[in-house]
Amino acid sequence: MTRRVLRSPTGLAGAVVVALLVLGALVSLVWTPFDPTLVDPASTWLPPLSGGHLLGTDGSGRDLASQLLAGARVTAFTAATATVVAAVVGVGLAVLAAVPRHGGEVVAHLIDVLVALPTLLLAMVLAAVYGGSVWTAVVAIGIGTGVNVARVARAEMTSVLGADYVLAAEVAGAGTGRIVRRHVLPNVAPVLVVQLSLVLALAVLAEAALSYLGFGTPPPTPSWGRMLQDLQQYVTVHPLVVVWPGCAIAVVVLGFTLLGDALRDAIDPRMRLPGQAAPAVEVLP
Amino acid sequence: MVVFLVRRTALFAASLFAASVLIFLLLQLLSGDMAQVIAGVQATPAQVASLRHELGTDRPLAVQYATWVGGVLAGDFGTSALSGVSVSAELGEKLTVTAPLVAVAMLLSVLVAVPLGVLAAIAHRRRLGVVISVGSQLGIALPTLWVGLVLAIVFAVWLRWLPAQGFPTAGWEQPVRAVRSLVLPAVTLALAEGAVLLRFVRSATLGVLNQDFLRTARATGLTRTGALLRHGLRNAALPVVSILGLQVAALLVGAVVVEAVFALPGVGQMLLTDVGNRDLVKVQGEVLLLTGAVLTIGFLVDVAHRLIDPRLRVSR
């Protein structure tokens, strides 16, 4: 399957972008061209490629390239952990809603209500109570996208549970736990993988939006969303610097989306038809 | 149809109730003692207790919830514990900015996404279709806030056609300035949502293009375009209408970000300020208003879906 993903041009492009993000995040742990938080009043607003600053500096003299590199850490971390939370929430709720003979309906309706509570609002509610941090962002993004995953997964599980092989397993004496583990989960796994790869992309956008609004990564930790917030007040004088963090976010989101598309094609060739299903996950700013 | 309406309305009411309970509990249980926060660490226990009584937080949770929801049903979202301002009055004022912003953005995104999406589907094997498709994919990946910044740089800073930020303090009493300051935010929001909508329109139209009934329509002598316009789009509209409901939710949240980028005094801006101040009564009201709007639109979309699709009307 990995080979099939890498052989398609979109899959390869997506994989390269994701690999670069992870590599950048790892490298920034041990090395960045300059200290990303180092304020240097002597070298503010340097243009790109001057004084050893690849992309130049911001209004406090901090190196932009180093900030981008260190920002990749927050992006990669938030995306990965939020997706793990989304997987747990999504699968857990979907199993509760689809499997039990009684009470599943209630959970299904609860999922629908939770879907109506937008992720960004949930993040703000958590930030209002606990103050904004990477963790409130991760929990909010994970739960907010997880309920959407749950909705899709529940539909898939319901159709699997109606299949003849599940009936056969039941007749053969398999318990609920065994049916879920042996039949339901493996059969919904492809759909889950595709949904979760979309969650990765959404998490990157959501983290940027939250940090921009001031409810994500607190200063001085560099993050792409907060870079945009910092640089915004100077756009009239130095408009070009906002290009870098914006492009970084867009490229990573595009990378995750392309990888998700390629995964979907590799897992289920039927979906490669022109009328391919559009992402079923909520779309965030 | 009547049975459906009754069932769906009951479900809608239950969802609203569940959402209000959820929001209330989330904010009340997680937040700790509001009175202690307001009074500060220097306050004596007696002072805190009297403040608690004044705020009503010494009553049982169920009573507090009932008071709050009772007020909301009567149009009263409570009073801010910090500033003493009526939440409803402020929400009403802020909505005069947010409501037109969201409505215009919605309209713009539909006007752009539907024709382009259909075009991308018809031409999906040709260069034009691929270009539109790639463009929409990019539109989804670009963060809304960044698109807003770039538009502001180009149209406000360089070309000086439109204001970069803010809203006239006199509000709609200066209609020309008010409209001008909403142009860039509305376009930003419409671009982000339009890109998503376009993909749904495209895939819905593509799904219809291969259907048997379209081939039959062509066999009766209609041209490709004629058949698509007369029989295809009606069918493609169904999934798109359900997506529109979800889109409004995304638009409302997008409005929060766009209002921050363009410094617009709307509901989103109000929410940001109140979250920053931890003014929980107001946050509670704002989150309920936005979530309620999403649920209401979902309800309306479901009903509209029934009305458009005669097949659904017959079944059940």
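The following exchange concerns a predicted model.

Biologist: Which element of chain A has the highest mean pLDDT?
Modeller: In this predicted model, local features need pLDDT of at least 70, side-chain atom pairs count only at pLDDT 80 or more, and totals for chains, interfaces and linings use all residues. Residues are numbered from 1 along each chain as its sequence is written, and side-chain values use heavy atoms, without hydrogens and water. pLDDT is the predictor's confidence in each residue, from 0 to 100, and helices are DSSP runs (H or I, at least four residues) numbered from the N terminus. Among the elements of chain A, the lowest mean, 76, belongs to helix α1 (residues 2-7) and the highest, 89, to helix α3 (residues 64-98).

Biologist: Over which residues of chain A is the pLDDT below 50?
Modeller: The mean pLDDT of chain A is 81, with 92% of its residues at 70 or more. One stretch, with 42 contacts (heavy atoms within 4.5 Å) beyond near neighbours in sequence, has pLDDT below 50: residues 272-285 of chain A.

Biologist: Is A:L12 buried, partly exposed or exposed?
Modeller: A:L12 lies in helix α2 of chain A. Buried means under 20% relative accessible area, exposed over 50%, and partly exposed in between (1.4 Å probe, protein chains only). Because its relative accessibility is 44%, A:L12 is partly exposed.

Biologist: What is the phi of B:A263, which is not a glycine?
Modeller: Most residues other than glycine have a negative phi. B:A263 sits in the loop between α10 (224-261) and α11 (267-277) of chain B, and is partly exposed at 33% relative accessible area. Its phi is positive, at about 50°.

Conventions:
Chains are lettered from A and ligands numbered from 1 in the order in which they are written. Helices (H or I, at least four residues) and strands (E, at least two) are DSSP runs, numbered from the N terminus.
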